[in-house]
Amino acid sequence: MKIIRTKDYDDMSRKAANIISAQVVLKPDCVLGLATGSTPIGLYNRLAECYDNGDLDFSQVTTVNLDEYKGLTREDPQSYYYFMNENLFQKVNINKDRTFLPDGTEPDSEKACRQYNEILASVGQVDIQLLGLGHNGHIGFNEPDSFFKTETHCVTLTEQTIQANRRFFESEEDVPRQAYTMGIKTIMSARRILLVVSGEDKAETVKNAFFGPVTPQVPASVLQLHNDVILVADEAALSKVGELL
Ligand code: F6R
């Protein structure tokens with residue numbers, strides 16, 4: 001694992017955006033695996049700036065997102081589709097027909113997951129999979145003890161994740177209890193993984209995930225087994241592993 005230590009959140013966002021930009025420049029028809037959450041917002045802003053400056057062209061890029069809440073439509077401001085549209089898709093010249101997320105409106109979980117697996121198979125290998133890190137070590141919505149489940153599946157969110165996501169909703173009752181997520185096998189099959197982490201509140205998780213044993217109790221720890229992972233993290237997020245670097 002290559003670890004890039006950055007000064008702060010902005011620095012993390014710029015450096016991680018540079019890695020994605022380089023991918024798009026080198027392979028204009030690349031497949032990007034994308035994530036939602038607070039951490040990548042600065043990175044997406046930066047990519048949009050690069051597009052505005054004429055440095056990036058997304059016209060041939062395909063994207064596949066990690067996950068989507070079950071039960072939310074694309075128009076719902078809390079859906080991950082809406083998030084992606086707000087933060088990236090509508091700001092750049094990407095072909096929206098080439099942007100994919102699990103279908104949150106499909107009530108039949110088996111069908112939704114099967115359809116997303118078919119999409120993933122049809123787009124081919126992901127060139128860079130962007131990931132954030134949950135406080136409990138989750139990646140996508142692969143929660144602790146999910147036994148490294150393989151492909152797209154429906155998960156019931158843990159209490160900790162519901163609490164963490166609560167800030168985006170009006171009340172706790174509004175936080176969806178289930179989501180469709182890419183599985184660990186799918187995430188691990190990306191050519192390269194780019195993980196962005198910021199803040200002292202993630203420092204313990206970073207230590208457990210990347211300097212502890214590989215275990216389903218800390219899903220991100222499986223990334224230790226991938227041969228091309230770049231962790232771009234700020235000083236605060238690396239504050240508990242300083243002596244181990
Ligand atoms: C988002 C996702 C989640 C987040 C994680 C960190 O698509 O799959 O795993 O990456 O919960 O979220 P933030 O960045 O909000 O701390």
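Let's start at the ligand: one of its oxygen atoms is 2.5 Å from an N or O atom in the side chain of Asp67. Bear in mind as you read on that this is a predicted model. Thr39 makes a similar kind of approach, with a polar side-chain atom 2.4 Å from an oxygen atom of the ligand. Arg167 joins in too, placing a polar side-chain atom 3.2 Å from a ligand oxygen. As for overall cover, the ligand has 410 Å² of accessible area on its own, and the protein covers 91% of that.

Now zoom out a little. The ligand sits in the largest pocket, and 14 residues surround it. The closest of these are Thr39 and Asp67, which you've already met, along with His138, Gly140 and Lys202. What does that shell look like by class? It has 8 polar residues, 3 nonpolar ones and 3 charged ones.

With the ligand done, let's wander through the rest of the fold, one residue at a time. Take Leu43, which you'll find in helix α2, the stretch covering residues 41-52. Is Leu43 buried or exposed? Its relative accessibility is 1%, and buried means under 20%, so Leu43 counts as buried. Along the chain, Leu43 is 34 residues from Tyr9, and the C-alpha atoms of the two are separated by 9.5 Å.

Follow the chain past helix α2 and you come to Ser59, in the loop between α2 and β3, where β3 spans 62-65. Ser59 has a relative accessible area of 37%, and because that value falls between the 20% and 50% cut-offs, the residue is partly exposed. Which residue can you pair it with in space? Try Asn93: it is 34 residues away from Ser59 in sequence, with 5.6 Å from C-alpha to C-alpha.

Next stop is strand β5, made up of residues 99-100, which is where Thr99 belongs. Thr99 has a relative accessible area of 3%, so this residue is buried. What does its side chain reach? The side chain of Thr99 gets to the backbone oxygen of Lys96, at 2.7 Å.

Helix α5 runs over residues 159-165, and Glu159 is part of it. Glu159 has 46% relative accessibility; exposed would need over 50%, so Glu159 counts as partly exposed. If you want a partner for it, look at Arg177: the two are 18 residues apart along the chain, and their C-alpha atoms are separated by 9.1 Å.

Last comes Ala233, in strand β10, which covers residues 229-234. How accessible is Ala233? Its relative accessibility is 0%, so Ala233 counts as buried. Pair Ala233 with Lys15 and you get 218 residues of separation in sequence, against 9.7 Å in space, C-alpha to C-alpha.

Key. Residues numbered from 1 in each chain as written. Predicted model: local features only at pLDDT ≥ 70, side-chain atom pairs only at ≥ 80, totals over all residues. Heavy atoms only, no water. Near = heavy atom within 4 Å. Polar contact = N/O pair within 3.5 Å; in protein donor to acceptor, adjacent residues only side chain to side chain. Areas by Shrake-Rupley, 256 points an atom, 1.4 Å probe, with all protein chains shown as cover. 1 Å grid on protein atoms, 1.4 Å probe; cavity = no way out; pocket = protein on both sides within 12 Å on 5 of 7 lines; lining within 4 Å. Sits in = over half its atoms within 2 Å of the grid points. Nonpolar A, V, L, I, M, F, W, Y, C, P; charged D, E, K, R; others polar. Helix = DSSP H or I, 4+ residues; strand = E, 2+ residues; numbered from the N terminus. Buried < 20%, exposed > 50% of the residue type's maximum accessible area, 1.4 Å probe, protein only.
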